[in-house]
Amino acid sequence: MNENSDKLWAGRASKSADSRVNDFNSSIRFDFRLVMEDIRGSIAHASMLGRRGIIPAEQAAKLVDELEVIAGEVVRGELAPPADAEDIHTFIEAELTRRLGDAGKRLHTARSRNDQVATDFKLWVREECLAMRKEFAALVRTLLNLAEKNLETVMPGYTHLQRAQPVTFGHYMLAYAQMFLRDCSRLTDAHERADGCPLGSGALAGTTHPIDREMTAELLGFSAPCENSLDGVSDRDFALELLADLSIAAVHLSRLAEEIILWSSTEFSFIELDDAFSTGSSIMPQKKNPDVAELVRGKSGRVFGDLTALLTAMKGLPLAYNKDMQEDKEAVFDAVDTIRLGLSAFIPMCETMTVNAERMREAAGKGFINATDCADYLASRGVPFRDAYKAVGGIVKYCIENSKTLETMTLDEYRLFRPEFEEDVFEAISLEKCVEGRCVYGGPAPKEAAKRLAAARARLSEYTEAE
């Protein structure tokens, strides 16, 4: 007897596959993760086969009942595939056949592993889009809470990592909240774009059986079947899109992680991480290392690699299914696990960190970050901005040479550069006044930032209420 007889593809071959080929070909070590999706798809398929009279209704009912029993056993840890199982699809079908005999063998009528695996994977990805959105919504909520507490916490804003203009820590947190809200939006879009059921596409050309694809699509939560059977089995855009969305989110996480690493350093001391979310050194007893932030920053490259791996695997494939596409799942599983694990530590790290408002205000008082406001003061008194800019540049140079700041200059010294300066210049260059004056839409003024905070909470509620 051919040793391949337990394989779904057995029949044509007269010679057994080498054991090394079986090991290389096997995907059970990672696709068992799709077991519940595989069972869901099989229940929908069996129900449709019975409804359409393609198999006897009583056999379809037995299949559905036994599949539900198997699902329960898997959840309770009572059933797991043997090490030599080829994949999750073979395992479930073999288990049904062992329990139900010929009725189990009828499940695969009008179905190919090609449309089966595409359906399983798309079901999993669709659910994961919503699950990951929930994870990022939790991070947004944390950042908004930090923003609300720090709408008036003045700090320096930076360009080129040089002190540039005064902002607030609340405004800074709102900036990152916007990034992660966009990530939530992208995940929502990815979920909606994955709305097409591959089941019924067969291997590539559908089937001659009178199946009802609308029925199976509805049972599985899709709004419609895929429009084209070739595309139905060979499309992995939904997986690529999830990876792309997670890669962009990983960029955002890495950028915030970098800020936290800088801010928690002695040189900045803008924040202090809770001891529970930092580590020490094996040799330097004084150290408090931001390892969580560093790992989140480092693991972003791993997520990018997962996206690149699948893009590379897909880029030269002719229609329809090719075995190369077996490489789709591990990359997606890894990216999801990497992001989820990072967020599990990153969110509470942000929740528990201490904001050093005094140190931020002290840093904002250095570096002449109110120089633009000084130039704007002159511009408001009729001085062309370019002339005002040049005059304030001279003032800054004078301050550096004389160990002064814009606040410690006297009015007489100001008038050495422009006669338009009056006593109210000191109010105009006050850091708090500089921030309050930036009340344009999206600016850092506390009143404006409070409006944007409320708007961000409203957007966040769209994602959390939909869960």
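The legends below describe close-up views of a predicted model.

**View 1. The largest nonpolar core and its contributing helices.** This core holds 76 residues, and Phe136 and Phe346 have the most contacts inside it. At least two residues each come from α7 (113-149), α8 (169-193), α11 (237-263), α12 (291-314), α13 (328-352), α14 (357-364) and α20 (446-465). Helix α11 gives the largest share, 14 residues. A second, separate core has 26 residues, including Ile39, Leu49, Ile55 and Val74.

**View 2. Surroundings of Phe346.** Apart from neighbours within four places in sequence, Phe346 is in contact with Leu139, Leu253, Leu256, Ala257, Ile260, Val292 and Val296. Phe346 is, with Phe136, one of the residues that have the most contacts inside the largest nonpolar core.

**View 3. Helix α3 and the glycine that follows.** Helix α3 covers residues 35-51, 17 residues in total. From the first C-alpha to the last, α3 reaches 24 Å, close to the 24 Å expected at 1.5 Å a residue. Of its 17 residues, 13 are buried, and the helix is thus mostly covered. Gly53, just after α3, takes a positive phi of about 75°.

**View 4. The second largest pocket.** The space in this pocket is about 350 Å³. Its lining consists of Val167, His171, Tyr172, Leu174, Ala175, Tyr176, Gln178, Met179, Arg255, Glu259, Gly442 and Arg452. Two or more lining residues come from each of α8 and α11, and α8 supplies the largest share, seven residues. By type, the lining divides into six nonpolar, three polar and three charged residues.

**View 5. The loop between β1 and β2.** Most residues other than glycine have a negative phi. His160, which is not a glycine, has a positive phi of about 55°. This histidine is found in the loop between β1 (154-159) and β2 (162-168). His160 counts as exposed because its relative accessibility is 75%, where the cut-off for exposed is over 50%. Leu161 also has a positive phi, near 60°, and its place is in the loop between β1 and β2. With a relative accessible area of 54%, Leu161 is exposed.

**View 6. The cis peptide bond from Leu319 to Ala320.** Most peptide bonds are trans. The bond from Leu319 to Ala320 is cis, and its omega is near 10°. Ala320 lies in the loop between α12 and α13.

How values were computed. Residues numbered from 1 in each chain as written. Predicted model: local features only at pLDDT ≥ 70, side-chain atom pairs only at ≥ 80, totals over all residues. Heavy atoms only, no water. Core = buried A, V, L, I, M, F, W, Y, C linked by side-chain atoms within 4.5 Å. Buried < 20%, exposed > 50% of the residue type's maximum accessible area, 1.4 Å probe, protein only. Helix = DSSP H or I, 4+ residues; strand = E, 2+ residues; numbered from the N terminus. Contact = heavy atoms within 4.5 Å. Expected span 1.5 Å × (residues − 1). 1 Å grid on protein atoms, 1.4 Å probe; cavity = no way out; pocket = protein on both sides within 12 Å on 5 of 7 lines; lining within 4 Å. Points joined across faces, edges and corners; volume = space filled by probe spheres on them. Nonpolar A, V, L, I, M, F, W, Y, C, P; charged D, E, K, R; others polar.
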